[in-house]
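Reader: I would like a close look at a single part of this model, with the cut-offs behind each term spelled out. Please take me through it in one connected account.

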Amino acid sequence: MKKWQGFFLSEHTANIHKENQRANKVIPQKRKMTMGEIGQIFEFAFNNNRQVVVQLEIKDAEGQYFDDTVGFIQGYDELGFMIGNTKVHYDEIRNVELFDFHKWSKV
């Protein structure tokens with residue numbers, strides 16, 4: 001039992017460090033877009049098979065925004081879009097951008 005105490009302590013310390021980093025992370029508020037602007041970007045991304053970055057209008061208990069939802073538009077219905085494996089309702093969307101990725105070969 002004594003042999004494993006160091007392992008548990010380091011794992012516990014790593015989890016505490018990871019939780020502190022997550023708690024101290026501040027996600028900036030992006031510009032509130034109109035439904036017309038949002039629709040244009042989603043239409044372009046869907047037609048050209050591009051990924052989107054969506055900031056939702058949802059905040060946590062401390063008033064901070066959650067991480068952006070990133071992915072391809074898998075589909076849509078009368079309630080919202082399916083981005084990757086996440087359902088995003090129309091009234092929850094604050095900001096949408098095209099995801100700009102850099103190929104590792106061009107970096």
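Author: Helix α2 (residues 35-47) lies across β3 and β4, running at about 120 degrees to β3, where axes are lines fitted to C-alpha atoms, for helices over the stretch in contact, and angles run from 0 to 180 degrees between N-to-C directions. Contact here means heavy atoms within 4.5 Å, and the helices (H or I, at least four residues) and strands (E, at least two) are DSSP runs, numbered from the N terminus. The model is a predicted one, in which local features need pLDDT of at least 70 and side-chain atom pairs count only at pLDDT 80 or more, while totals for chains, interfaces and linings use all residues. Residues are numbered from 1 along each chain as its sequence is written, and side-chain values use heavy atoms, with hydrogens and water left out.

The strands that α2 crosses, β3 and β4, belong to an open sheet of three strands in the order β3-β4-β5, with antiparallel pairing; two strands pair if DSSP finds at least two bridges between them. At the edges of this sheet are β3 (73-76) and β5 (86-89), each of which pairs on one side only, and from one strand to the next the twist averages 25 degrees. Between β3 and strand β4 (residues 80-83), the antiparallel pairing extends over three bridges, and within this part of the sheet Gly 75 stands opposite Met 82 in β4.
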